[in-house]
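Thanks for coming. I will go through one chain today, a few places at a time. Please have the sequence and the structure up while I talk.

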Amino acid sequence: MVYEKIKCDICGKSFETKEQIAQHKQNTHVDKKNIKSSKSVKALIVIGMVAVIAGGVYWSQTSNNQPMVDDVRCDPTEFVDYHIHAHLDIFIDGLPYAIPAGVGIKPNECLFWLHTHNTSGVIHIEAPANKDFTLGQFFSVWGQTFSNTQIFDKMTTDKETLHVYVNGKEVNGDLRNIKINAHDEIAIVYGTSPIIIPSIYDFGGL
């Protein structure tokens, strides 16, 4: 007995059983619309992933491109995540030295995490996270020289000495590494000391 072969109604190829032709159609004649649809979905997924990655890279580069001085960044807006204030007095040969307003502020551009708003000597620390900031970093942002042997253009000698006091107590060691804490009163004294070394400051609610 001769069995009549079954032909594929799409391509005309012959098969001996219905199972064979069904498998053939599954392997050879897949629905083109489904293929296109699947490819479209995959393409959209890929495009979405690329957009997300590109966006992340953009924001990362935007953040990284902000000016940085001594590990202190200058950001377009002020932060409130970590917001404290300290006060700095500077005495040169017994006379007070005015700390200018706008230290660490680039108008219409950005503010460094350490900055001043006026001539009161109040240092504003406004950063995206709680971290230690130092007296040396403030001077770096200010663009002024400060070390154990020099402040501005004033060098220490046998007669002209440099001392730093925090809340009325003298601090030794690397003066640039003095940590700035909330409501600290910091006094830098070069040469002749003032009559009184300030130990507290009225922050007026800051």
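Which residues of H3 are buried? Before I answer, note that this is a predicted model. The buried residues of H3 are Leu 135, Gly 136, Gln 137, Phe 138, Phe 139, Val 141 and Trp 142. The helix runs over residues 135-142, and seven of its eight residues are buried, so the rest of the structure largely encloses H3. After H3 comes Gly 143, with a positive phi, near 80 degrees.

Next, the strands. S4 covers residues 72-75, and both of its faces are covered. On one side sit Val 72 and Cys 74, on the other Arg 73 and Asp 75, and all are buried.

What does S4 pair with? One partner is S3, residues 68-69, in the antiparallel sense and over two bridges. Here Val 69 stands opposite Val 72. S3 and S4 make a hairpin with two residues between them. In that turn, Asp 70 has a positive phi of about 50 degrees. S4 also pairs with S8, residues 110-112, again antiparallel and over two bridges. Within S8, Phe 112 is the bridge partner of Cys 74. Cys 74 is thus one to look at twice: it is among the buried residues of S4, and it has its bridge partner in S8.

Now to Glu 126, in strand S10, residues 122-127. Which side chain of opposite charge is nearest to Glu 126, and how far away is it? That side chain is Arg 73, 13 Å away. Glu 126 is buried and has no salt bridge. Arg 73 is the residue we just met in S4, where it is buried as well.

What Glu 126 does have is a polar contact of 3.1 Å, side chain to side chain, with His 83. Leaving aside residues up to four places away in sequence, Glu 126 touches Glu 78, Phe 79, Tyr 82, His 83, Trp 113, His 115 and His 117. So His 83 turns up both as the polar partner and in the list of contacts, which also includes another glutamate, Glu 78.

Last, the other end of the numbering. Cys 8 lies in the loop between S1, residues 6-7, and S2, residues 14-15. Is Cys 8 buried or exposed? Its relative accessibility is 4%, and the cut-off for buried is under 20%, so Cys 8 counts as buried. Gln 20 is twelve residues from Cys 8 along the chain, and their C-alpha atoms are separated by 10.0 Å.

That is the tour.

Technical notes: Residues are numbered from 1 along each chain as its sequence is written. This is a predicted model: local features need pLDDT of at least 70, side-chain atom pairs count only at pLDDT 80 or more; totals for chains, interfaces and linings use all residues. Side-chain values use heavy atoms; hydrogens and water are left out. Helices (H or I, at least four residues) and strands (E, at least two) are DSSP runs, numbered from the N terminus. Buried means under 20% relative accessible area, exposed over 50%, partly exposed in between (1.4 Å probe, protein chains only). Lys and Arg count as positive and Asp and Glu as negative; His and the chain ends are not counted. A salt bridge is a side-chain nitrogen of Lys or Arg within 4 Å of a carboxyl oxygen of Asp or Glu. A polar contact is a pair of N or O atoms within 3.5 Å; within protein, one must be able to donate a hydrogen and the other to accept it, and residues adjacent in sequence count only if both atoms are side-chain atoms. Contact means heavy atoms within 4.5 Å. Two strands pair if DSSP finds at least two bridges between them.
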